[in-house]
Amino acid sequence: MLSEILIIVIRGIAIGSIFATIAMSFNIVHGATNIFNFAQGNMFILGGFAAYFLANQVGLGQWTLMLLLSGLLIAAVVTIQGYITLLPLRSSVEQDSWLISTVSVSVIVAALLMITQGPFAYSVSSIVPSFRILGTRTPGAYALAIVAMLFWYFALRFFLRKTFIGLAISALSQDFDAARAAGLPVRRLQLISFAISGLMVGTVGFLVAPVISVSPDAGLKYVLNGFVAAVVGGIGSNAGTLIGGPLVGVVAMLTAYKVGGAYQDLASLLVLVLILMFRPQGLFGRVGARRV
Amino acid sequence: MLEVKNLVAGYGTIPVLRDVSLTAKAGEILLIGGENGAGKSTLMRAIAGFNKPDSGEILLDGKPIGGTAPEKVAQSGLRLVLDGHRVFPELSVFDNLRMGAAARRGDRAGFNNAVEEIYSVFPILKEKQKLYARDLSGGQQQMLALGQAFIAQPKVLLCDEPSMGLAQALLPPILAFLRRWAQTGTAVVIVEQHLAVTAPYADRAMIIERGQVKFSCLASDLDEKLNAPAHAAE
Amino acid sequence: MQAATNIQTGPVSMAETKPKGRFNSDLTQVWIGVGLIAITGFGPVIAGNSYWIHTFQLVNIFIAAAIFQNMLFVDAGQKSFGQGAILGLAAYVTAILYGLHGWSFAAASIGGIVAAMLGGLLFALPALRVQGFHLGFVTMSAAIVFPQLLVTLDKWTNGINGISVTVPALTNPFVLGMSPLAIAVAVFPMIALFVHYGIRRSKLGRSMFVAALSPEAARSLGIKPGVMRFVAFVIAAVGTGICGILYLPTVAFVSPQGFNIELSFVFFFAVVVGGRGQMLGPIIGIWIVYILPNILLAGFVEYRLLMYGCLTLLAVMAFPDGIVGSVERLRAKRKQTGGGEQAFRIDGFLADLQAGKTAREPSEEIAVEVRNGTKKFGEVVAVSAVDLKVRKGEVHGLIGANGSGKTSLLNVLSGLSRLNSGSFMINGVEATNLAADRIANMSLGRTFQAPRIFSQMSLWDNLKIGMDARVGPASADITALAKAMEESFGQDSATLLSHGQRRLVEVMRTVLKEATIVLFDEPAAGLSQSERTNFANLVKFLSRQMGKTVILVEHDLDLVWGIADTITVLEQGRVVSSGKPDVVAKDPAVQHMFVGSRHA
């Protein structure tokens, strides 16, 4: 019994790591642009499809190459999306258009997948063999999910604190006007943040494809859970997502275990509403502190 | 160097500046004074591209920059230091200086030299170069904001209320720094409330009242000019 | 005191002779909409084409749902992506009660509406705390979860198999070969249009709109933004719920797949493509977003979603106002009235208002009193142990440098923020812990540094917000004033007003509200010299002729010294001097304020 719970918690943390990475990809774009990309879940699923088409049942060498390739491909797609989304914001007084355009891009991506691939879930083989925890077989991709989360957390940390472009993106999120006065190329930095968010979800989607449902309608589930993870951790706080993501994942897995798999999304929705009602700044967000 | 002709600008539908003209020459400090709400900050922000002018011209080296985005204005050599000692609070002091290089038309060595120069003028910044900018005092943040602008080596520097939120005693070293900076051939515009402290460092002065230029004069004549009209309310 | 006669001189705008175009085409659009719905609702029946009958029944139900989405999204500013779930909730609950439990259709329908209302309340709950994309995510999540629950709760819902029902009493021919259902389905979207139009023209609609665009302005007019959001969600839920009930006999079948997120997106996208806020928008929007892919391109039904997405993206990029909105914009551009020097003058109105009344002096009674008030923002003390007394009928100037605490004090007095310690009273009534809307109802009015003018409303509606904010019935004077202004400005746009005129609109709101205490937050900022003179006269008029108490936060010292009866000087949150203008001017503690330019 106890070990069962333990296994569920470990799987929850692994699934939650995916949510955390999506939440971090929200954060970097939101910090630089104040935009929340509703299409991020479908971009993540595109990564899964890339794994299916480019790297199903292949050797490690090709797999690694394809991982990079699909990350770059999806980064390119998200960058184009970002360019389109930012276009009307340049001149218009109406600053809400991104809400509509990112939702419609989300629908377009899902529809294109549906038309070309049909409404099926594709299964992708894992490059990492399954391993045993407490006597239970655990798919290797769960480990990859956690590794990917930690990799992206530290990679972002390094990028945002040590590199010139990363520092400039941080500066943008800390004081937009001062950043413009300093001559930082705002539009280019915003597009770079979109590209990085695409790189993140593209690679993670690729890595965890063996354990998720790679299907055209799965994107919404991930955009929702990624958002909940971001809100729980405190929007803008990447460190917060390291807790927020796994927390949401564990809640979802426990719900599935105790109540039923169909209630997972409901549980996430309840977590979201509770946090927004009682602690809108998130568990770890501090008012006024926008750490990246 | 910087020439503003008949500028009309404001926020949204609120007109603030009416028909303001000014020039700033290389190597000179122009001091702009006036009451709270007279439109001084709006003038700075309009020149730097944050507010789109309704009419009038802004020329930098003879090229019109009115209506250009602020980051483009900065890259073309006009740097605004915003009021309220605004730095990037979650970046280290050194990284704040690095951000200054975004608008710099220079090389790596030039950047290092500029940083060294800032450190020698404000040794406290060198001492605290690894700390977050949020951990600095208001005066140190102002030095940092100016240092960041110095790294960019702009042709024109606009400095909005460097004294805001600072102890008065901190102002003279900052003004002395600006004076030396101007002498290297930069056109400097300072907006300031503390005219008596600032005027000795400036070459020319201009008073703005209710969005219009009330008068311009040599900085050395400012005191006399201000005292000439009687106090209206008395 | 001759302020009444010399506030401004010159002609009053009532004299305009040119007939004015309508400010907006809302009513015209409603009638066009009614016509279009009638044609599509009744036309196919007359032509006897059962395919089109059925198709347009569903289309018209969706149009009604989109109309409520339009109201919720634009008039109340609530970004809901989950209205499809509300429709499904009502349809499902009705189907369960009627089809599985044998209730009468009427009783089951009531159950359906109650369920929809509860759904609307659930959406409104997070809307009390968060707005914008947060709310978008919450409602979208609800729309994702809803069909999942329908499948899972198969004990009650029949799960994936859905529920088939027939309602013969509704679907059998009734008059002219039309069934009661056919009539209801055609008439309900018309009713929805009139409901939307009626709400927009009503006090409720204006209040919702102001609450959505400027919560602080709403609160200062006695409106509770949270209540407005609740009301908007519930109205939309009831309307959408009725759509769900009509859906049931029309389709004769409900299943989880029918109410997935796609349905919510259709309503939302229809509003955007048709034109946000336009009465006709949802009709044109549903026709394009729904009919185009589902009927004209029926052979490519799998391209449906793609079409929704592409059409919407295209609309956002190329026609941000939507299709109807773009047409309306062109019309308004040609017909727009209300610009120029004469667009908004109030001298004539005010002169009428006070004709024959005598001037008064400030009394010794106290209108506003602050005792030892302190306001902190984190570590920063904005207002520090301030004592302040404002007499009834006086003009009280509050001056001080940027950050001296003037605006913080004003926000405390109008209830937008609360004192950390100390207290204040308004007309002798304790007001320290009252919310802004309660204080507004204690006869207090205020203006903002940036005037809160709403370009989507006509100039008169912008003023009428002040009438809406009244607590009691209007006096004969004010009623007459309102009537005269409605005639003059009913069809004018507020967009072209100059900043000075916008300021006057805000002042007139407080006059129409009959606020006895008026707070001005830097009213002279952005006014020209002549406008400042006029404004000074107006303040004198408000005080001396109308007996209002005026508290004035202002940087223009000339202006303050010219009109104030008492001046209080703040420095770093403290009162450093207070008294009659000539005394304060000589106070050594204040002298340095003039040093800035030495020419105050």
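These are my notebook entries on three chains and how they touch in a predicted model.

**Entry 1: chain C by itself**

I started with chain C and pulled up its secondary structure, which comes to 26 helices and twelve strands. Its C-alpha trace spans about 90 × 55 × 45 Å along the principal axes. I then asked how much of the chain is tucked away: of its 600 residues, 60% count as buried. I also looked at contacts in chain C with a separation of 6 or more, and 76% of those join residues 24 or more positions apart.

**Entry 2: a glutamate I checked, E262(C)**

Is E262(C) buried or exposed? I found it at 16% relative accessibility, so E262(C) counts as buried, the cut-off being under 20%. E262(C) sits in helix α13 of chain C, residues 261-274. Leaving out neighbours within four places in sequence, I see E262(C) in contact with R304(C), L305(C) and Y308(C).

**Entry 3: where A meets C**

Next I looked up the contact between chains A and C, which takes 39 residues from chain A and 36 residues from chain C. The area buried between the two is about 3,500 Å², and carbon and sulfur atoms give 85% of it. I searched for salt bridges across this interface and the rule finds zero. For polar contacts between chain A and chain C, I get two residue pairs, both partners at pLDDT 80 or more.

Which elements of chain A give two or more residues to the side that touches chain C? My list reads α1 (2-33), α4 (97-117), α9 (219-233) and α11 (264-278) of chain A. α4(A) gives the most, with 13 residues. Sorting the residues on that side of chain A, I get 32 nonpolar, four polar and three charged.

**Entry 4: where B meets A**

Then I turned to chains B and A. Here the contact takes 25 residues from chain B and 22 residues from chain A. The buried area is about 2,000 Å², with 58% from carbon and sulfur atoms. On the chain B side, E71(B), F88(B) and M99(B) lose the most area to chain A, and together they make up 28% of what that side buries.

How many salt bridges cross between chain B and chain A? The rule finds three. I looked at one between E71(B) and R180(A), whose side chains meet at 2.9 Å, N to O. I also count seven residue pairs in polar contact across this interface, both at pLDDT 80 or more. The elements giving two or more residues to the chain B side are α2 (70-75), β6 (78-81) and α3 (93-100) of chain B. α2(B) gives the most, with four residues. That side of chain B divides into 15 nonpolar, two polar and eight charged residues.

**Entry 5: a sheet in chain B**

Staying with chain B, I traced an open, antiparallel sheet of four strands, in the order β2-β1-β4-β5. Why do β2 (14-24) and β5 (63-64) of chain B each have one side without a neighbour in the sheet? Both stand at the edges with a single partner strand, so one side of each is left open. I followed β1 (residues 2-11) against β4 (residues 55-60), both of chain B, and they pair in the antiparallel sense over five bridges. E3(B) has L59(B) as its bridge partner in β4(B).

**Entry 6: salt bridges elsewhere**

Over all chains, the structure holds 34 salt bridges. One that I picked out joins D558(C) and R210(B), with the closest N and O atoms 3.1 Å apart. The pair crosses between chains, from helix α24 (residues 557-563) of chain C to the loop between β9 (204-209) and β10 (212-218) of chain B. D558(C) is partly exposed at 31% relative accessible area, whereas R210(B) counts as buried at 18%. I then saw that both belong to a salt-bridge network that links E209(B), R210(B), K214(B), R532(C), D556(C) and D558(C).

Within chain C, I noted R452(C) with E216(C), closest N and O atoms 2.5 Å apart. They lie 236 residues apart, R452(C) in the loop between β8 (444-446) and α20 (459-468) and E216(C) in helix α11 (residues 215-220) of chain C. E216(C) is partly exposed, at 26%.

My last one is E361(C) with R544(C), at 3.5 Å between the closest N and O atoms. This pair links parts of the chain 183 residues apart. E361(C) counts as exposed at 57% relative accessibility, while R544(C) counts as buried at 8%.

Conventions. Residues are numbered from 1 along each chain as its sequence is written. Chains are lettered from A and ligands numbered from 1 in the order in which they are written. This is a predicted model: local features need pLDDT of at least 70, side-chain atom pairs count only at pLDDT 80 or more; totals for chains, interfaces and linings use all residues. Side-chain values use heavy atoms; hydrogens and water are left out. Contact means heavy atoms within 4.5 Å. Buried area is the accessible area (1.4 Å probe) that two parts lose on being put together, summed over both. A salt bridge is a side-chain nitrogen of Lys or Arg within 4 Å of a carboxyl oxygen of Asp or Glu. A polar contact is a pair of N or O atoms within 3.5 Å; within protein, one must be able to donate a hydrogen and the other to accept it, and residues adjacent in sequence count only if both atoms are side-chain atoms. Ala, Val, Leu, Ile, Met, Phe, Trp, Tyr, Cys and Pro count as nonpolar, Asp, Glu, Lys and Arg as charged, and the others, Gly among them, as polar. Two strands pair if DSSP finds at least two bridges between them. Buried means under 20% relative accessible area, exposed over 50%, partly exposed in between (1.4 Å probe, protein chains only).
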